[in-house]
Amino acid sequence: KPGIAVLAGETVVAAFQVPLGDAVDLIQREAAEAPSPVVRIGDGSRLESAKLVTDLDDVRVELVDETGTTPYLGTGTRGMGDVLAAVNIARLEGEVIDAREIDPTEGEIQVIKDRSRERSERNRAIDEVLARRVAAGELTIDEALDEHRDDGDASANESAETDRSGES
């Protein structure tokens, strides 16, 4: 859940933490009300920021080095660090970008596969092809699991038909 901060000049006028899937709509809604909106995105979450940059094609986007933007807050402040980091990122100038192409690392692919296994009804992970599509923002994990189930069901049906006919 990325933190989102809306500034008017140097004043924070709104702050949010929303699921990544809702971030683009929220940002576009807030940007539509601003005279010269600039969206600044931290460079830390590579896959998530690449998706945001791709989806925000109607507004100026800057990629900001987010090193040191998340403060330590102690216990009991879950999520607030991301919101405060968003405020800090919004106050830093970044590099204007139109797109951010990211090749996911093997570790990022494995994290996606692990998350799919956690969400799967039968403790099955999606394959690497589907995980790469999730990393590219083409599919959500749930959509990839649906495709994986469909492929698995088709394979299971074909196997059952082959077993019944006695042919291989």
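In the protein chain, 45% of the contacts with a separation of 6 or more join residues 24 or more positions apart. The model is a predicted one. Its chain has 168 residues, and buried residues make up 32% of them. The accessible surface is about 10800 Å², and carbon and sulfur atoms account for 45% of that area.

The secondary structure consists of 6 helices and 5 strands. Along the sequence these elements come in the order β-β-α-β-α-β-α-β-α-α-α. The pattern thus opens with two strands and ends with three helices.

The opening pair is a convenient place to start. Strand β1 covers residues 3–8 and strand β2 covers residues 11–17; the two pair in the antiparallel sense over 6 bridges. One of the residues involved is G3, whose bridge partner in β2 is Q17. Together β1 and β2 make a hairpin in which 2 residues separate the strands. In the turn, G9 has a positive phi of about 70°.

Further along the chain, strand β4 spans residues 60–64 and contains E62. Is E62 buried or exposed? The relative accessible area of E62 is 3%, so this residue counts as buried, the limit being under 20%. The side chain of E62 has a polar partner: a polar contact links it to the side chain of R40 at 2.8 Å. R40 is also among the residues that E62 touches, once those up to four places away in sequence are set aside. That list holds V38, V39, R40 and I41, together with L92, E93, G94, E95 and V96.

The next stop is the interior space of the model. A search of the whole structure returns 1 cavity of 30 Å³ or more. The largest cavity holds about 50 Å³ of space. Which residues line the largest cavity? The lining consists of S120, E121, R122, R124, L145, H148 and R149.

Of these lining residues, H148 can be followed in more detail. H148 sits in helix α6, which runs over residues 141–165. Its relative accessibility is 14%, and because buried means under 20%, H148 counts as buried. The side chain of H148 reaches the backbone oxygen of A125 at 3.3 Å. Leaving out residues up to four places away in sequence, H148 touches R124, A125, I126, D127 and L130. R124 therefore appears in two roles, as a residue that H148 touches and as part of the cavity lining, where "touches" means heavy atoms within 4.5 Å.

Notes: Residues numbered from 1 in each chain as written. Predicted model: local features only at pLDDT ≥ 70, side-chain atom pairs only at ≥ 80, totals over all residues. Heavy atoms only, no water. Helix = DSSP H or I, 4+ residues; strand = E, 2+ residues; numbered from the N terminus. Buried < 20%, exposed > 50% of the residue type's maximum accessible area, 1.4 Å probe, protein only. Polar contact = N/O pair within 3.5 Å; in protein donor to acceptor, adjacent residues only side chain to side chain. Areas by Shrake-Rupley, 256 points an atom, 1.4 Å probe, with all protein chains shown as cover. Pairing = 2+ DSSP bridges. 1 Å grid on protein atoms, 1.4 Å probe; cavity = no way out; pocket = protein on both sides within 12 Å on 5 of 7 lines; lining within 4 Å. Points joined across faces, edges and corners; volume = space filled by probe spheres on them.
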